[in-house]
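Please walk through the region of this model around one helix and the sheet beside it.

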Amino acid sequence: MCGIIGYVGKRNAVPVLLYGLQRLEYRGYDSAGIAVIDKNGDKIIVEKQVGKIKDLQEHLWNRKIEGHTALGHTRWATHGPPTIENAHPHTSQKGTISIVHNGIIENYLELKEELIKKGYRFRSETDTEVVAHLFEELYTGDLLETALKVAKKLEGAYAIGVISTYEPDKIVGIKKGSPLIVGLGKDENFIASDIPAVLEYTKDFIVLEDGEIAVVTKDNVEVYNLEGKKLEKKPLHVTWDISVAEKAGYKHFMQKEIHEQPRTIGDTITGFSSSKDEKLFEAIKDADRLYIIACGTSYHAGLVGKFWIEKFARIPVEVDYASEYRYRDRIINDRTVVMGISQSGETADTRFALLDAKKEGAKTIGLVNVVGSSLSRETDYVMYTYCGPEIGVAATKTFTAQLVTLLLFALEAGLKKGTVSKPEYKKLYDELLHIPSKVESILNNEEGIKEIAHKYMNAQDFLFLGRNINYPIALEGALKLKEISYIHAEGYPAGEMKHGPIALIDDKLPVVCVIPQDKYYEKMFSNLQEVKARKGKVISVATEGDTKVKELSDDVIYIPPASDVLYPVLTVVPLQLLSYHIATLLGKDVDQPRNLAKTVTVE
């Protein structure tokens, strides 16, 4: 959610800002704007538009705005609707200071009342404008000193970029809770909320930690803590190229990322095996309870992981939404392990819940995709998925990579505890190595899945059913469909259907049944018969060669055979494609669905 880019250097800043904002479009937003200190350094030019980056570009067409210090922002509305007044950047009353901000200032109403009493007038409904006026009110003649004073007054999670005509060759960045990085160039430097925004210009970065302030000029970067002490920060060198984030001939990033799964699954298997932390598995060996906390798609991965960890490692597992876990009365001791799953490693609910658990004495594990992200730095142990950047808002390749990592984690923990034998480990590991080619065979049937999507694209509701380890896949299938097509969809454990959802079934309701030939097949088949008896439209995800299911289904999507425990990595892929094609046939923006953000950095 929300994107920040800042530039100070020898180039004209506007093209750099617009390019960087385009690279941040995947985060989800509803307005965009820029603030540029003009080339004379005596005024700030602010231009904002509601809508997409292209709307801002069209607005700026043939406008000659020149300056070498500037900020850009894409806003995802929290305080106040998407309007030009509420869009960022926001400028102080005298027009001398402009800021961009990601996150939420929790005490903004209290600060706003104080500033109104001092004569400040507010033009927006945002919490952000408070910060701009606060900088003006507290300005000491030194932007760093002022930033230290402002930061101590703010409560909440935020990343803030600041420019000022008082010091026109400088950007100040403040980080607490929301991601902020500094890009290191030659005769130019950058701030941004994510690496892709400036990867065109540099591959060297400083990742700011919570409670750090960066002072950035074209020739120098200095980082301080909130007490004003200068810090030594080691730069991070990024090896991947911006071309990884291009569409490579696919119509959408989401489609590309679905098709990347054979590679990302293979890379994650290799990456896990080559970088596993033996200390992690020593810690797990003594655990008496494991909590998995996550949000959205990552939560569904955790639900699948629960089955594997309990089966192979014999550790009791609870899976909880991070937003709920944080406010529960947790039971934690020194043998409790808490695992947070987050693609970005910046998900606010997951991060803060994990930090709370760590303070209470739990050992913590992060399962993330982004190297150097907050979660990867703040946990005791970290496991990575090896997916490269995922641009589409709806997670696809990172979900299957999370599944693979959780399975390997469960097997490795079981091996260390003696609950999994070496032959059992080797058998499943060897079979896992064949999963990428099996996923490839599912992807080769994309046109067949698209035909099914065309048949059901106008349905108003969907029901997804699964059992045991494939029940979370039903949840994920329903989530994907509602995220990108805006069709109401519910995921349910098939055994619970008769306790309520069966009332919804009629001849207009498509029911997606996840029914591979595993040990729950006969139970699931009975549920399928119950749907069919009530004239429901059955779309089955079934194992190749299953003619029995075909006789009862209106449509079948076949997947290759596999061991029972490996089916979730396969059964989810047809559901991703089904959702994708329904949404594209309906003309929806699948890469940037309405109201959603790729990285949710506020509670």
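In this predicted model, helix α18 is followed by K535, whose phi is positive, near 70°. The helix itself, α18, covers residues 521-533. Its 13 residues reach 18 Å from the first C-alpha to the last, close to the 18 Å expected at 1.5 Å a residue.

Y521, M524, F525, N527, L528 and V531 are the buried residues of α18. Seen down the helix axis, they fall within an arc of 160°, so they line one face of α18. An α-helix has 3.6 residues a turn, so residues three or four places apart point the same way. The face of α18 turned away from the buried side carries the exposed residues K523 and A533. The cover over the buried residues includes the strands β21 (461-466), β23 (510-515) and β24 (537-543), along with helix α19 (547-552).

These three strands belong to an open, parallel sheet of five strands, in the order β22-β21-β23-β24-β25. β22 (488-493) and β25 (555-559) stand at the edges with a single partner strand each, so one side of each is left without a neighbour in the sheet. From one strand to the next, the twist averages 15°. Within the sheet, β21 and β23 pair in the parallel sense over three bridges, and F464 has V512 in β23 as its bridge partner.

Two further helices lie across the strands. α17 (residues 471-485) lies across β21 and β22, running at about 175° to β22. α20 (residues 567-585) lies across β21, β23, β24 and β25, and runs at about 135° to β25.

How values were computed. Residues are numbered from 1 along each chain as its sequence is written. This is a predicted model: local features need pLDDT of at least 70, side-chain atom pairs count only at pLDDT 80 or more; totals for chains, interfaces and linings use all residues. Side-chain values use heavy atoms; hydrogens and water are left out. Helices (H or I, at least four residues) and strands (E, at least two) are DSSP runs, numbered from the N terminus. The expected span of a helix is 1.5 Å times one less than its number of residues. Buried means under 20% relative accessible area, exposed over 50%, partly exposed in between (1.4 Å probe, protein chains only). The arc is that of the directions from the helix axis to the C-beta atoms. Contact means heavy atoms within 4.5 Å. Two strands pair if DSSP finds at least two bridges between them. Axes are lines fitted to C-alpha atoms, for helices over the stretch in contact, and angles run from 0 to 180 degrees between N-to-C directions.
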